[in-house]
Each structure stands twice: as C-alpha cells, then as structure tokens.
Amino acid sequence: MAPVLVVLAVMAAAFASASGSGELTPDFYSETCPQALTTIKLVVGAAILKEPRMGASLVRMHFHDCFVNGCDGSVLLDDTDDMIGEKLAKPNNMSLRGFDVIDAIKEAVNTACLGNVVSCADILAVAARDSIVALGGSSYEVLLGRRDATTASIDDANDDIPNPFMDFPELLDNFESHGMSLQDLVVLSGGHTLGYSRCLFFRSRLYNETDTLDPAYAAALEEQCPITGDDDALASLDDTPTTVDTDYYQGLTQGRALLHTDQQLYQGGGGDSDELVKYYSENPDKFWEDFGAAMVKMGNISPLTGDDGEIRENCRIVNQE
C-alpha cells in the first residue's frame with residue numbers, strides 16, 4: 001500500500017473506532033482550548049533548542065507510555081506509599097528523561113487554557129510529534145482526547161516494554177501483542193534516528209556479536225564502552241542523533257547498529273524485515289510518511305476516554321479528592 005494511503009487508512013480506522021463513542025479526534029481541544037497545541041509546540045521547541053537530545057527523550061517517553069496499558073500518561077506518575085509506578089522499571093530507570101519538560105508543558109497549557117483541560121497523555125503524544133518536526137522530520141496529525149490513568153505498575157512496564165536484548169521473534173511478538181505489525185516494528189524502530197544509549201545496553205552486542213559489527217565502528221565503541229565499568233557512557237544510536245533522517249537504516253545494512261534489537265531487524269528477522277530496512281534506507285520521504293502513520297496507530301493503543309480516568313492537574317500525581 002502506498003505510504004499516503006497508509007496514513008489515510010490508519011486515520012480512517014482511528015476515526016471509525018472513535019465515531020460511536022466520542023474517542024480520539026484531531027480537533028478535540030478546538031473549542032475548549034484552541035491555544036493548546038501552539039503552547040505545547042513552543043515549550044517543546046524551547047526545550048530542544050536548549051538541549052537537542054531532549055527531542056529523542058520525548059519521543060521515547062510517548063512510546064514507553066503507550067506500550068504499558070495504552071497511551072494513558074501512566075509513565076509520568078511518581079511512586080506513592082501504595083504504588084510503585086513505571087519510572088523505576090528496568091527499561092525506564094536512570095534512562096527515561098524529560099519529565100521536567102512535561103511538567104513545564106503542563107503548567108504552560110493550564111495557564112493558556114485557564115484551567116485543567118488538556119490531559120498529560122495528550123501532551124505526551126503532541127510533544128513527540130513536535131519533537132520529530134523540530135529535528136527535521138515531517139509533521140502528522142495527532143488524534144486527541146485521551147484521559148489520564150490513576151495508577152501505574154512497575155511489573156507491567158517490565159513485562160510490556162521491549163528490551164534491547166530481544167531476538168527478532170520475541171521483538172515481533174511484543175509488537176503484535178500491542179496490535180502493531182512488522183512494518184510498524186521496523187518503521188517505529190526508525191525513531192532511533194534520534195538519541196543515545198547507555199553502554200550498559202550495548203556492551204553485550206559490542207563484545208559478543210563481532211560477526212555483525214563493522215570493525216571500525218566496533219573499535220570506536222570500545223573506546224567509549226569498556227568491557228567492564230562506565231555503564232552510563234553514551235553512544236549515539238546513529239551518526240546523526242539530533243536529526244530525523246534515514247542514517248539509522250543505512251547503519252543497519254552496514255553493521256553499524258548500536259543495539260542488538262536494531263541489528264535484528266536486518267539479517268535477523270528474515271526477508272520481509274530486511275526489505276523494509278533497505279526500502280527506508282533508500283526512501284527518506286517514505287520513511288517520514290510511514291513513521292507518521294505508525295505513530296498515529298501507536299497513539300491509539302487503548303486510550304482512556306469519556307468518563308474513564310481523569311485529567312491530571314499535575315502529571316506526576318493523581319488528582320486529590
């Protein structure tokens with residue numbers, strides 16, 4: 001299916017699922033707070049101007065939110081005496097970042113809207129899109145109307161978020177369990193066109209998978225990530241970590257994938273996955289189009305709508321009675 005048709009099909013499916021129950025729509029705040037999207041864009045832009053790496057962090061936060069019980073803002077909840085949330089889960093602890101930017105967006109939006117109107121879950125979805133655009137990617141229309149969860153689970157986060165050590169079958173099973181396809185897996189992995197990873201997460205690949213690593217690339221990584229120690233040392237996921245492009249896919253075909261899961265998409269997953277990697281490496285415009293469609297699809301995973309959940313006043317804590 002042509003990429004533009006994919007976008008339209010995903011949007012149509014989302015609207016169809018929403019039509020009978022007032023779920024997600026692109027103009028959800030057009031009457032209650034027409035300044036909402038502009039306000040989010042301004043705060044995201046300022047944060048990325050200050051620290052370009054923040055764009056990748058905001059995209060990743062939306063992904064980690066949606067893959068744990070749906071796109072409900074649960075990833076933002078702080079722990080309480082009665083609940084250990086998602087922030088301390090293995091995929092998130094000392095890794096997920098940008099919570100202070102979300103706090104700033106929420107405060108600015110509450111001011112612009114003259115009250116508590118925009119959900120934290122919607123802020124995550126819009127901030128991810130605005131980050132992609134700020135760093136050179138194409139825009140896409142975000143569906144809105146999510147409400148916020150009132151609880152979070154460290155166990156669910158540990159179980160549901162893909163980890164960087166998965167082989168291809170397990171990785172694909174994880175995506176399919178969330179209603180996502182092989183194409184969604186490959187195109188959303190292209191989000192690794194942005195950002196960095198800690199030595200802790202790529203050390204095993206670096207020292208145990210030399211047959212799929214470009215020797216010069218491996219030698220450079222060894223200087224950053226020794227066989228022991230320096231767990232928090234950072235390496236970029238591709239050669240242009242603050243620019244949305246297809247360098248990530250080109251790297252996969254050249255043995256320059258930083259993470260085990262990334263290299264698994266090429267010569268680890270078989271013909272269809274290999275072909276998608278090569279397709280996106282050669283067609284940046286198609287990647288941007290399909291990435292937008294996949295983000296819309298992911299953003300529609302099990303949202304809370306209607307009377308479910310709440311609109312949090314503070315994204316870190318549930319509303320007080």
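**Exercise 1. Describe the area buried between domain 1 and domain 2, and find which residues of domain 1 contribute most to it.**

*Solution.* The area buried between domain 1 and domain 2 is about 1300 Å², and carbon and sulfur atoms give 75% of it. On the side of domain 1, Arg53, Leu135 and Tyr140 supply 35% of the area that this domain buries against domain 2, which is more than any other three residues. The model is a predicted one, and the two parts in question are domain 1 (35–161) and domain 2 (180–295). Their C-alpha centres lie 23 Å apart, and the contact takes 17 residues from domain 1 and 15 residues from domain 2.

**Exercise 2. Determine how many salt bridges and polar contacts are counted between the domains, and which helix gives the most to the side of domain 1 that touches domain 2.**

*Solution.* Begin with the charged pairs: the count of salt bridges between domain 1 and domain 2 is zero. Turning to polar contacts, one residue pair is counted between domain 1 and domain 2, with both residues at pLDDT 80 or more. As for the helices, H3 (54–66) and H5 each supply at least two residues of the side of domain 1 that touches domain 2, and H3 gives the most, with three residues.

**Exercise 3. Count the disulfides, give their pattern, and work out the handedness of the links of cysteine 66 and cysteine 71, cysteine 120 and cysteine 315, and cysteine 199 and cysteine 225.**

*Solution.* The cut-off for a disulfide is a pair of cysteine sulfur atoms within 2.5 Å, and by this rule the count comes to four disulfides. When the bonded cysteines are counted along the chain, the pattern is 1-4, 2-3, 5-8, 6-7.

- Cysteine 66 and cysteine 71 have their sulfur atoms 2.0 Å apart and form a disulfide; the torsion about their S-S bond is about 120°, so this disulfide is right-handed. Both of these cysteines are buried.
- Cysteine 120 is joined to cysteine 315 with an S to S distance of 2.1 Å, and with -95° about the S-S bond this link is left-handed. Because cysteine 120 lies in helix H5 (residues 120–134) and cysteine 315 in the segment after helix H14 (284–299), the pair ties together parts that are 195 residues apart in sequence.
- Cysteine 199 is joined to cysteine 225 at 1.8 Å from S to S, and the torsion of about 65° means that the disulfide is right-handed. Since cysteine 199 lies in helix H9 (residues 199–208) and cysteine 225 in the loop between helix H10 (215–224) and strand E2 (234–236), the parts tied together are 26 residues apart in sequence.

Terms used. Residues are numbered from 1 along each chain as its sequence is written. This is a predicted model: local features need pLDDT of at least 70, side-chain atom pairs count only at pLDDT 80 or more; totals for chains, interfaces and linings use all residues. Side-chain values use heavy atoms; hydrogens and water are left out. Buried means under 20% relative accessible area, exposed over 50%, partly exposed in between (1.4 Å probe, protein chains only). Helices (H or I, at least four residues) and strands (E, at least two) are DSSP runs, numbered from the N terminus. Domain bounds come from an automatic or database domain assignment. Contact means heavy atoms within 4.5 Å. Buried area is the accessible area (1.4 Å probe) that two parts lose on being put together, summed over both. A salt bridge is a side-chain nitrogen of Lys or Arg within 4 Å of a carboxyl oxygen of Asp or Glu. A polar contact is a pair of N or O atoms within 3.5 Å; within protein, one must be able to donate a hydrogen and the other to accept it, and residues adjacent in sequence count only if both atoms are side-chain atoms.
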